[in-house]
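Student: Please take one strand and look at it closely, then work outwards from there to its surroundings and to the rest of the assembly. I would like a single connected account.

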Protein chains: 2
Amino acid sequence: MAVLPEPVQNLAVAFERLPGIGPKTAARLTFYLLRAPEEVSRQLAEALLALKSQTALCENCFNITRAGQSLCEICSDPERDESLICVVEEPLDALAIERTAAFKGRYHVLHGVLSPIEGIGPEDLKIRPLLDRVRRGGVREIILATNPSLEGDATALYLRQQLLPLGVRVTRLARGLPVGGDLEYADQNTLLRALAGRQEMD
Amino acid sequence: MAVLPEPVQNLAVAFERLPGIGPKTAARLTFYLLRAPEEVSRQLAEALLALKSQTALCENCFNITRAGQSLCEICSDPERDESLICVVEEPLDALAIERTAAFKGRYHVLHGVLSPIEGIGPEDLKIRPLLDRVRRGGVREIILATNPSLEGDATALYLRQQLLPLGVRVTRLARGLPVGGDLEYADQNTLLRALAGRQEMD
């Protein structure tokens, strides 16, 4: 595009590398920043540069934490129930559960799911440290909150096999119709699970 | 959110400041970058920092150009027809027209539209330099390509009044049904314009 000078092109290309941002959105963001105060670009650039250098993984649950802290805020919070561990695929999943404000236990972030096709086995995930946490004792229940997908289910099944011999209760998040969803548009599998998991009204 | 350390929070907030990026997209982008190679964040940060310092406005058409160049690539290209000027609101509009590869003239970027409500008058736009370009002679036609909106139309009308006395032909982009659009979903005004502007089939 003859009309785009190199610095503008470079930024648009860098935006396009992000997931969910296509060429049109990348151009729109770039031209927005050209018009916005320099402050806006600068703050974004600084936050980007600080991201990796100022964050680390919690040594207990492997969620994201500040660099220099060995434990994340949740693992170092004595108010959180350490006998209850919610196992998630990614830090973003823990964030989603935190937003419900209904979970008072702790987390364990696997950083992925088992995927034979992509060559991801148990050793590539934070599974051994989870088993170690349970072996150290004091854990009553493990809630498997991997995604309700083929790989999430397979990972949950594998974890259940590993965890049950350790004498801990293993649960999985309920399946059914999403709240606010429309029965007419629910897929067959979701409807099957909703039927199978039907509950007494109270 | 107790679960989000400050550097992660900062980046999510910086992303949220961009247009069209809500809290969920901002979180998704941030967590994507946490997992991606540091290279990806760094290149985006560097492109952001270079954006303002390495760009300037073309002294002739006010499109974006490299800092240090007084004329943009289009204005310094002898192959482009300088007797034909396409007037657009923003640099992104010129880019959209360039993509058609059908326009071989030059541009003039207004950097906005007249908007009495927002207090934007003719002096706030690059209107005077456009009139100067025409007064210097050699301009045959001005294509007014402001947006087909209330303000874009008002700006085009104002420009027409200023330009006609200078003895130049003034045209406006055609209105009608968008290609690939659906007549059933066209709004009343578009349909009215499409009817009024109907053409012989050939």
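Tutor: Strand β3 of chain B, residues 81-88, is mostly covered, with 6 of its 8 residues buried. The model is a predicted one. On one side, β3(B) runs parallel to strand β4 of chain B, residues 105-109, and 5 bridges join the two. Within that pairing, B:I85 stands opposite B:R106 of β4(B).

What does B:A94 touch, beyond residues up to four places away in sequence? Its contacts are B:N63, B:V88 and B:Y107. B:A94 itself belongs to helix α4 of chain B, residues 91-100. With a relative accessibility of 0%, B:A94 counts as buried. For distance, B:A94 and B:L57 are separated by 37 residues in sequence and by 14 Å between C-alpha atoms.

The loop between β3 and α4 of chain B holds B:E90, whereas A:R35 is in helix α2 of chain A, residues 23-35. The side chains of B:E90 and A:R35 meet in a salt bridge, with N and O 3.0 Å apart. Because one partner belongs to the β3-α4 loop of chain B and the other to α2 of chain A, this pair joins two chains. Is each partner buried or exposed? B:E90 counts as buried, at 16% relative accessibility, while A:R35 counts as exposed, at 59%. There is also a salt bridge between B:R35 and A:E90, whose closest N and O atoms are 3.0 Å apart. Across the interface of the two chains, 4 salt bridges are found, against 24 in the structure over all chains.

As for the interface as a whole, 54 residues of chain B are in contact with 53 residues of chain A. The two chains bury about 5,400 Å² between them, and 75% of that area is on carbon and sulfur atoms. One residue with contacts across it is A:L44, in helix α3 of chain A, residues 38-53. Apart from neighbours within four places in sequence, A:L44 is in contact with A:F15 and, in chain B, with B:L11, B:A14, B:F15, B:L18 and B:L48. A:L44 counts as buried, with a relative accessibility of 1%. From A:L44 to A:G121 there are 77 residues in sequence and 36 Å in space, C-alpha to C-alpha.

Helix α3 of chain A also holds A:E39 and A:R42, which are 3 residues apart, about one turn of the helix. Their side chains form a salt bridge, 2.7 Å from N to O. A:E39 counts as partly exposed at 40% relative accessibility, and A:R42 likewise counts as partly exposed at 32%. Together with A:E46, these residues are linked in a network of salt bridges.

A further salt bridge in chain B involves B:R172 and B:D153, at 2.8 Å from N to O. B:R172 lies in strand β6, residues 169-172, and B:D153 in helix α6, residues 150-163, so the pair ties together parts of chain B that are 19 residues apart in sequence. B:R172 is partly exposed at 27% relative accessibility, as is B:D153 at 26%.

In chain A, β3 belongs to an open, parallel sheet of 4 strands in the order β4-β3-β5-β6. The edges are held by β4(A), residues 105-109, and β6(A), residues 169-172; each has a single partner strand, so one side of each lacks a neighbour in the sheet. From one strand to the next, the twist averages 25°. Strand β5 of chain A, residues 141-144, is joined to β6(A) by 4 bridges, and A:I142 stands opposite A:V170 in β6(A). Helix α5 of chain A, residues 127-135, lies across β3, β4 and β5 of that chain, at about 150° to β4(A).

Last, the cysteines. Over all chains, 0 disulfides are found. A:C75 is in none, although the sulfur of A:C61 is 3.7 Å away; the cut-off is 2.5 Å. A:C75 counts as buried, at 6% relative accessibility. For A:C86, the closest cysteine sulfur is that of A:C61, which at 11 Å is too far for a bond. A:C86 is buried, with a relative accessible area of 2%.

Notes. Residues numbered from 1 in each chain as written. Chains lettered and ligands numbered in written order. Predicted model: local features only at pLDDT ≥ 70, side-chain atom pairs only at ≥ 80, totals over all residues. Heavy atoms only, no water. Pairing = 2+ DSSP bridges. Axes fitted to C-alpha atoms, helices over the stretch in contact; angles between N-to-C directions. Contact = heavy atoms within 4.5 Å. Buried < 20%, exposed > 50% of the residue type's maximum accessible area, 1.4 Å probe, protein only. Buried area = accessible area lost by both parts, 1.4 Å probe.
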